[in-house]
Amino acid sequence: YDRVNGSGEVQMKIVKTRTEDIATTQMKTINQYMLYDIPNERIAELILLEGDVKKHSTNLKCDMTDYNFYTKHEELKNVTNIISNTINQEDQFNYIMSECWGAVYRKSHTAIPHNHYPYVKSFIYYVQSPEGSSPLIFDESHQWNMEKEKTETYSIKPKTGLLVVFPSECKHSVPPSDIDDERIALAGNLFYVPNEALKNEL
């Protein structure tokens, strides 16, 4: 984990998790950060007030807001700025938020396997994650091992304050929830433009 404060500054790097591309051995990176000083209770309140706009019509079979939800409230803009800044601190590209939505998982709610292509970078931030919440599952065999000779999964246990950042092409899912408490998350997609240093090299 990287520890990040409310200003989006990385305080201390603890661990970075990497997953291996099965077919080509190219490394795909999934990063985990703990964010602090985020008004999670207020963010959860805003997501719950927005309600189920998508009516389980997407890959998320749970209550979900619009994709532009983050633009409706200043508190959400602040949080997505922290997320963007956190992602940009360790990359040669300048990632820009394109969309961000809220999701509320109740008992039996799930997310079917999907990816966020053609975006480049995606994230999930756990606003409220009670004990026993379903894990986030990455299936690294979905694209690079088309014959399905070997299936490998990578599981992340959610907890409040955890930010997971991953390549948008990574297929992922959430098993059905079997707890009564609500798990609330922000998720989103980013595109990128080269930063000034990279432009000078091109």
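**Exercise 1. Work out how β7 is paired and how well it is covered.**

Start with the big pairing: β7 and β14 run antiparallel and are joined by twelve bridges. Here strands are DSSP E runs of at least two residues and helices are H or I runs of at least four, numbered from the N terminus, and two strands pair if DSSP finds at least two bridges between them. Before going on, keep in mind that this is a predicted model, where local features need pLDDT of at least 70 and side-chain atom pairs count only at pLDDT 80 or more, while totals for chains, interfaces and linings use all residues. Residues are numbered from 1 along each chain as its sequence is written, and side-chain values use heavy atoms, leaving out hydrogens and water.

Step 1: pick out a bridge. Methionine 97 has leucine 190 in β14 as its bridge partner. Asparagine 94, in turn, stands opposite valine 193 in β14.

Step 2: look for another partner. Strand β6 (residues 63-64) pairs antiparallel with β7 over two bridges, and methionine 64 has alanine 103 in β7 as its bridge partner.

Step 3: check the cover. Ten of the 13 residues of β7 are buried, meaning under 20% relative accessible area (exposed is over 50%, partly exposed in between; 1.4 Å probe, protein chains only).

**Exercise 2. Find what else β14 pairs with, then decide whether valine 193 is buried, partly exposed or exposed.**

Step 1: β9 pairs with β14 over seven bridges, again in the antiparallel sense. Within that pairing, serine 122 stands opposite asparagine 189 in β14.

Step 2: valine 193 sits in strand β14. Its relative accessibility is 31%, so valine 193 counts as partly exposed.

Step 3: see who joins it at the surface. Ile96, Phe191 and Val193 make up a nonpolar surface patch with about 210 Å² of accessible area together. Such a patch takes Val, Leu, Ile, Met, Phe, Trp and Tyr residues with over 30% relative accessible area and no salt bridge, their side chains joined within 5 Å. Areas come from the Shrake-Rupley method with a 1.4 Å probe, and a salt bridge would be a side-chain nitrogen of Lys or Arg within 4 Å of a carboxyl oxygen of Asp or Glu.

**Exercise 3. Which residues touch the most other members of the largest nonpolar core?**

Step 1: fix the rule. A nonpolar core is a set of buried Ala, Val, Leu, Ile, Met, Phe, Trp, Tyr and Cys residues joined through side-chain atoms within 4.5 Å.

Step 2: the largest one has 27 residues, and Ile83 and Leu186 touch the most other members. Elements supplying at least two residues each include α1 (40-50), α2 (74-88), β7 (93-105) and β14 (183-194).

Step 3: list the contacts (heavy atoms within 4.5 Å). Leaving aside residues up to four places away in sequence, isoleucine 83 touches Leu35, Met97, Phe123, Tyr125 and Leu163.

Step 4: don't stop there. A second, separate core has 22 residues, among them Ile30, Leu60, Met64 and Val174.

**Exercise 4. Trace the five-strand sheet and name its edges.**

Step 1: the sheet is open, with antiparallel pairing and the order β5-β8-β13-β10-β11.

Step 2: β5 (60-61) and β11 (153-156) each pair on one side only, so these are the edge strands, given that pairing takes at least two bridges.

Step 3: zoom in on one pair. Strands β10 (residues 136-139) and β13 (residues 171-174) run antiparallel, joined by three bridges, and phenylalanine 138 has histidine 172 in β13 as its bridge partner.

Notes
Patch = residues over 30% accessible without salt bridge, like charges linked within 9 Å, V, L, I, M, F, W, Y side chains within 5 Å.
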